[in-house]
Each structure stands twice: as C-alpha cells, then as structure tokens.
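Visitor: I would like to learn how to read the sheets, helices and cores of a model. Where do we begin?

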Amino acid sequence: MARWQIKNVSMVGVAATVPKNIVMTTDYDFFSNEEAETFNNTVGIKQRHIAPDSICASDMCVAAAEKLIEELHWSRESIDILIFESVTGDYRTPPTSCILQDRLGLSEDCFCMDIPMGCCGCLYAITVGANLLSAGTAKRALLLIGDTALRMGSMKDKSRVPLFGDCGTVVALEFDPDADDIVVDFHTYGKGYNALMTPHGGFRHPATPESFIEEDFGNGIVRAPIHTLINGMNVFSFAISRPPKSIETFLADYNINRDTDIDYFLIHQANKMIVDRIVKKLKLPVEKTPYNLEEFGNLGGASIPSLMVTRIREELQSKPTTLLMSSFGLGLSWATMWLKSKPMVIPELISI
C-alpha cells in the first residue's frame with residue numbers, strides 16, 4: 001500500500017506568486033456572452049492570471065521562494081533539499097531544480113530533484129521532501145510547485161483554454177522532532193493515462209512536422225498532436241469517483257471525524273462541478289472547504305498551496321491548524337494527506 005506516516009517534519013511556510021495579467025472569461029472570443037455566463041456559473045472560473053511568454057513557472061516560484069526565505073529568516077546554506085514540481089520546466093534537460101539551486105544561491109551540497117506530476121504534484125512533493133527530512137540528516141527543504149499549463153495546449157481548444165491559470169508556489173518543510181505525523185495515501189490508475197496527455201513530443205512519439213498539423217474536432221476544439229488534450233468526461237468521472245472513495249477509506253482507517261478533527265478540507269481546484277460533487281458526496285462542511293478557482297482557475301500542482309495563501313492565510317499564521325488535502329490528475333493519480341500544522345509564515349500573494 002502506498003501510504004506513509006511521516007514523523008519529525010513540520011510545514012513551516014507557504015508562499016505564492018501569480019502574473020499581473022488577468023484574463024476574464026468574457027475576454028475569450030470563442031465564447032458568446034451567454035456561453036461565458038454559463039461557463040462562469042457551472043465551471044466556476046471567472047478569471048485567471050496568465051503569464052507572458054517571458055515568464056516561466058520557475059520565475060514565479062523563485063519570486064515566492066525569495067520572499068518566504070526572507071520572512072522565515074533562513075540562511076540559504078541551511079536549505080538541504082530543493083524539489084521543483086512542474087510539467088512546464090525551463091528545458092527538457094537539465095532538471096530545472098538544478099538551475100533553481102543556483103538562482104536561489106543555495107549550497108552546492110543541496111539535494112535537487114524535479115517531479116512532473118501535474119495536479120497531484122503538491123502532495124507528491126510534500127511526501128518526497130518530508131520523507132527525506134524525517135531521519136534528521138537533512139534539516140530544511142523548499143518545495144517549488146508551479147506551472148504555466150496553458151502554453152502546453154492549443155489556444156483554439158475551447159475545452160481547455162479557459163480552465164487554467166498560471167502560478168508559482170513554495171512550501172517550506174523543516175525537521176521537527178515535536179511535529180505531529182503527516183499521513184498520506186496515494187493511488188494510480190495508469191490505464192486511464194490518455195485522459196490527460198500530450199500525444200507527441202516525447203520519445204514514444206517524437207515531434208515531426210505532422211505533430212503541428214491542427215485538426216478540427218468540432219465544438220470549438222482545434223488542436224494538433226503536439227498539444228495537451230483533456231478528455232473531459234473521463235476526467236470528470238474519475239475525479240468524482242476514485243478520490244472521494246479514497247477519502248472515505250482514509251477517514252475511516254484513521255478514525256478521523258470530518259466535523260471535529262479537521263479545520264479545512266483543501267480540494268484540488270479542478271472546476272466547480274467536480275469540487276461541488278466531491279463536497280456533496282462526502283457531506284463535507286461547506287464552510288470548511290475553501291474555493292479560489294473563480295479567481296485563479298485550475299493551477300495544477302499549485303492549486304492547494306494557493307488556497308492556503310489566498311483563502312486561509314490568517315488562520316494558518318495565527319494558530320495550529322488541521323488540514324485534509326485531496327489532489328488528483330495526470331497519470332491518472334490521486335492522493336489524500338492529513339497534517340497538523342503549527343502557526344506558519346505565509347507572505348501575502350505576490351504579483352509579478
């Protein structure tokens with residue numbers, strides 16, 4: 001079973017950066033006014049922050065990391081682990097984490113690693129980073145999590161373009177013998193991999209001239225094999241079935257009361273229909289389930305850290321907080337995490 005009970009690690013800080021440029025749903029010329037209103041009400045995304053081509057996910061993560069390091073008063077030499085979770089790294093090679101070690105001025109003794117797990121990536125990064133810290137040999141870790149996912153698809157794909165926003169975040173972990181355990185549970189349904197994929201551009205199907213030939217699939221969906229695709233119905237069916245079942249099992253296995261033992265449920269902000277269905281299915285207290293997708297859209301792996309910064313910052317800064325996190329996406333993969341945090345350092349949302 002892919003389940004860990006991680007000891008001796010505290011989450012001590014979170015920061016997030018978004019681009020200044022905001023795109024409203026009504027700005028898309030493939031939507032009529034009526035269609036834009038329907039999209040806003042059903043999918044729940046009214047605006048999103050979109051980075052210019054000159055800004056990469058790593059740039060937003062660096063801005064967040066610089067601010068968090070400053071407010072934590074961490075010496076850069078004291079940071080032993082740097083993980084970059086993204087599907088939009090700077091280059092195919094080398095790993096972007098190695099570049100970020102230099103950009104952030106970290107020690108050459110720093111362990112660096114890239115994790116390209118998409119929407120589930122935050123919980124992957126926390127799990128890997130926390131497990132590396134738990135023995136006490138390494139003391140501090142920065143998890144840089146972000147994407148500019150819109151660039152991976154076709155700008156003529158009505159099924160994908162309005163869903164995504166851009167964001168870079170950072171989560172700081174620290175070795176702490178007094179910390180409560182972090183418990184995490186992972187699952188993978190690889191048979192469903194083609195529901196979210198980029199068909200060409202890897203080594204299974206290298207890019208050729210044919211990779212860039214666009215095809216009209218109808219209903220406003222025009223894309224080429226080099227573009228990322230979403231099979232909306234398959235993803236919806238997966239998201240409202242497998243993650244909720246895993247959460248139910250998780251709560252039962254650890255005897256966690258959803259009403260009294262959890263302060264907030266942080267659910268990956270895929271779209272309003274999916275999040276609403278999960279909340280209803282699990283009978284979660286709505287007041288404990290924050291949303292920010294109406295303002296930022298689907299931020300991939302940065303979704304959960306961004307919720308912490310933009311919706312529950314004051315609570316996380318001022319008091320111990322118990323969180324249950326649920327994320328799901330590429331792979332197809334999904335995970336549930338339960339952690340108890342001490343008061344954290346959380347700078348205000350950064351814009352660049």
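What follows is a short walk through sheets, packed helices and cores in this predicted model.

Guide: We begin with the sheets. Strands of a sheet pair through backbone hydrogen bonds, either parallel or antiparallel. Here five strands form an open sheet, ordered β1-β9-β16-β15-β14, with mixed pairing.

Visitor: Which strands stand at the edges of that sheet?

Guide: β1 (3-6) and β14 (264-267) do. Each has a single partner strand, so one side of each is left without a neighbour in the sheet. As for twist, neighbouring strands are turned by 15 degrees against each other on average, direction ignored.

Visitor: How many bridges join β1 to β9, and in which sense do the strands run?

Guide: Four bridges, and the strands run antiparallel. Look for the facing residues. I6 stands opposite I182 in β9. W4 has V184 in β9 as its bridge partner.

Visitor: What lies on the other pairing, between β9 and β16?

Guide: Six bridges, again in the antiparallel sense. V183 is bridged to W338 in β16.

Visitor: Is β9 mostly covered or mostly open?

Guide: Covered. Five of the seven residues in β9 are buried. In general, side chains in a regular strand alternate between the two faces of the sheet. Look next for what packs on the sheet. Helix α6 lies across β1, β9, β15 (321-329) and β16 (333-341). The helix runs at about 40 degrees to β16.

Visitor: Which residues of α6 meet α7?

Guide: P244, I247 and E248 do; in α7 they meet I278, K281 and L282. Sorted by type, the residues of this contact are four nonpolar, no polar and two charged. Now the geometry. The axes of α6 (residues 242-253) and α7 (residues 272-282) come within 10 Å and cross at roughly 35 degrees. That crossing is right-handed.

Visitor: What is the order of the six-strand sheet?

Guide: β6-β5-β7-β8-β2-β17, open, with mixed pairing. Read the ends as before. β6 (111-115) and β17 (350-351) are the edge strands, each with a single partner, so one side of each is left without a neighbour in the sheet. Inside, β7 (residues 140-147) and β8 (residues 167-175) pair in the antiparallel sense over eight bridges. One facing pair there is L144 with V170 in β8.

Visitor: Which strands does α4 touch?

Guide: α4 packs on the sheet against β2 (9-18), β5 (81-85), β6, β7 and β8. The direction of α4 makes about 165 degrees with that of β5. Helix α9 (residues 303-310) also packs on the sheet, touching β2, β7 and β8. Its direction makes about 85 degrees with that of β2.

Visitor: Now the cores. Which residues touch the most other members of the largest nonpolar core?

Guide: M11, L143, L173, L266, M308, L323 and M325, out of 45 residues. Helix α4 (residues 121-133) gives this core its largest share, seven residues.

Visitor: Leaving aside neighbours within four places in sequence, what is M11 in contact with?

Guide: I126, V171, A172, L173, M308, M325, L339 and M344. Apart from this core lies another, of 40 residues. Among its members are L163, F265, I278 and W338. Two of those names came up earlier: I278 in the contact with α6, and W338 as the bridge partner of V183.

Definitions and conventions
Residues numbered from 1 in each chain as written. Predicted model: local features only at pLDDT ≥ 70, side-chain atom pairs only at ≥ 80, totals over all residues. Heavy atoms only, no water. Axes fitted to C-alpha atoms, helices over the stretch in contact; angles between N-to-C directions. Helix = DSSP H or I, 4+ residues; strand = E, 2+ residues; numbered from the N terminus. Left-handed = near helix turned anticlockwise from the far one by under 90°. Contact = heavy atoms within 4.5 Å. Nonpolar A, V, L, I, M, F, W, Y, C, P; charged D, E, K, R; others polar. Pairing = 2+ DSSP bridges. Core = buried A, V, L, I, M, F, W, Y, C linked by side-chain atoms within 4.5 Å. Buried < 20%, exposed > 50% of the residue type's maximum accessible area, 1.4 Å probe, protein only.
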